[in-house]
Amino acid sequence: MDKTISVIYGRDITKMTTALLEAYSVSRKISSEDASIVIKPNLVTLSDPDHGATTHTEIVEAVICYLRSHSFRNITVAEGSWVGASTETCFNALGYYRLRDKYGIRVLDTKKDKFRKVISHGIEMEISETCLEAEYFINLPVLKGHCQTVMTHAMKNLKGCLSDKSKRDFHRMGLDRPIAALNAVLHTDLTISDSICGDLDFEEGGNPVETDRMMAAENPFLLDCYSARLMGYRPEDIGYIKEAIDIGLLDSFDMEIKELSKPVVSTSKPTGAVRRLSEHTAPADACSACYASLIRALKRLEEEGSLNTLKGKIAIGQGYRGKETDLGVGACCSKARLHAPGCPPSSDAIYEMIRKLK
């Protein structure tokens, strides 16, 4: 597998995307004009790409235009938002149905696809058949922070190809090992990273850091290693990278960085805000959507100076099912003395629960 990581800077997203595709001679690597091609963006939840959580639609459109200009016809944009969010709402609001109608492509909510049960490194998972059977797979993640895995990027973006059941199972098992196991069986041919303005602290966005940068690689594991370093971490600090090494997906950090242009702005590092807020939580197999609501509520309380009303830690996650605890959020913590219901609960409900502690 090619160890080159191409980096490009600028403000013309379409030109940057096309340059990255051409850098890897994509049109010559796809077997035929009828080959099944899957494009996988990050639409974790309904959020404007400029807020730092979702893939810029311009990148997706640029990839489609490139492929259509080379006469490729069998193109599918496939994604499944996180548990509790509507993928179709994201598709509609962010212009994906417009792309479907304009270019004659398929837009697939993977939650409604047929799933194939696969066992990888002892972990059973349900993966979208369309994604598994793709003859050429283009992954379009956003480089951003994550409240549970520190970073989310190339490897973790494949989680959108799973059934909601498997997404919940991954959280129950701790995310890192399952993400590595998923990447052992779901192959990507090219990853193009939307690092334009990712939120370096939080996967749901809201604190975008503008870098005007995009990256690409055929080796998603090395790209994640490089991206971890950009965010100020060692690759070994990211649990699923460590697991990828353990199961043999990555045997060296050797890579060649090729800059296609020079930076126009300086890069930044995470603020550590989410990690600080997480100190008020006691997670046990928590799903991302639920945990994100909790972090939003804690951030709101911190901003208004009332987080000091919280004396104990808040239970969250599947590990609390049927267990009594003091404070808890989400359906899994329904036995808590003080409880914010929902699956996932709203940040408003959690906020109001904590405010009652005054």
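This tour of a predicted model stops at a helix pair, several salt bridges and one loop residue.

**Stop 1: helices H3 and H5**

Select residues 57–69, which form helix H3, and residues 96–103, which form helix H5. Their axes lie 11 Å apart and make an angle of about 15 degrees. Angles under 35 degrees count as roughly parallel, and H3 and H5 are therefore roughly parallel to each other. The crossing of H3 past H5 is right-handed. Now show the side chains in the contact: H3 supplies Thr 57, Val 60, Glu 61, Ile 64, Cys 65 and Arg 68, while H5 supplies Tyr 96, Arg 98, Leu 99, Lys 102 and Tyr 103. By class, the residues of this contact are 6 nonpolar, 1 polar and 4 charged.

**Stop 2: Arg 98 and Glu 61**

Stay with the two helices and select Arg 98 and Glu 61, which form a salt bridge with the closest N and O atoms 3.3 Å apart. Arg 98 belongs to helix H5 and Glu 61 to helix H3, so this pair, 37 residues apart, links distant parts of the chain. Which partner is buried and which is partly exposed? Glu 61 counts as buried, at 16% relative accessibility, whereas Arg 98 is partly exposed, with a relative accessible area of 41%.

**Stop 3: Glu 33 and Arg 73**

Next select Glu 33 and Arg 73, whose side chains meet in a salt bridge at 3.2 Å, N to O. Glu 33 is in the loop between helix H2 (26–29) and strand E2 (37–41), and Arg 73 is in the loop between H3 and strand E3 (75–79), so the pair ties together parts 40 residues apart in sequence. Glu 33 is partly exposed at 37% relative accessible area, and Arg 73 is partly exposed at 43%. Add Asp 34 to the selection: Glu 33, Asp 34 and Arg 73 are linked in a network of salt bridges.

**Stop 4: Glu 243 and Arg 177**

Move to Glu 243 and Arg 177, where a salt bridge is formed at 2.7 Å, N to O. Glu 243 lies in helix H11 (residues 239–246) and Arg 177 in helix H9 (residues 176–185), so parts 66 residues apart in sequence are tied together. Glu 243 is partly exposed, at 23%, and Arg 177 is partly exposed, at 28%. The whole structure holds 19 salt bridges.

**Stop 5: Asp 285**

Finally, select Asp 285 in the loop between strand E13 (281–283) and helix H13 (288–303). Asp 285 is partly exposed, with a relative accessible area of 28%. Which residues does Asp 285 contact, leaving aside its neighbours within four places in sequence? They are His 171, Arg 172, Gly 317, Gln 318 and Gly 319. The C-alpha atom of Asp 285 is 8.5 Å from that of Phe 170, 115 residues apart along the chain.

Technical notes
Residues are numbered from 1 along each chain as its sequence is written. This is a predicted model: local features need pLDDT of at least 70, side-chain atom pairs count only at pLDDT 80 or more; totals for chains, interfaces and linings use all residues. Side-chain values use heavy atoms; hydrogens and water are left out. Axes are lines fitted to C-alpha atoms, for helices over the stretch in contact, and angles run from 0 to 180 degrees between N-to-C directions. Helices (H or I, at least four residues) and strands (E, at least two) are DSSP runs, numbered from the N terminus. Angles under 35 degrees count as roughly parallel, over 145 as roughly antiparallel, 65 to 115 as roughly perpendicular and the rest as oblique. A crossing is left-handed if the near helix is turned anticlockwise from the far one by less than a right angle, and right-handed if clockwise. Contact means heavy atoms within 4.5 Å. Ala, Val, Leu, Ile, Met, Phe, Trp, Tyr, Cys and Pro count as nonpolar, Asp, Glu, Lys and Arg as charged, and the others, Gly among them, as polar. Buried means under 20% relative accessible area, exposed over 50%, partly exposed in between (1.4 Å probe, protein chains only). A salt bridge is a side-chain nitrogen of Lys or Arg within 4 Å of a carboxyl oxygen of Asp or Glu.
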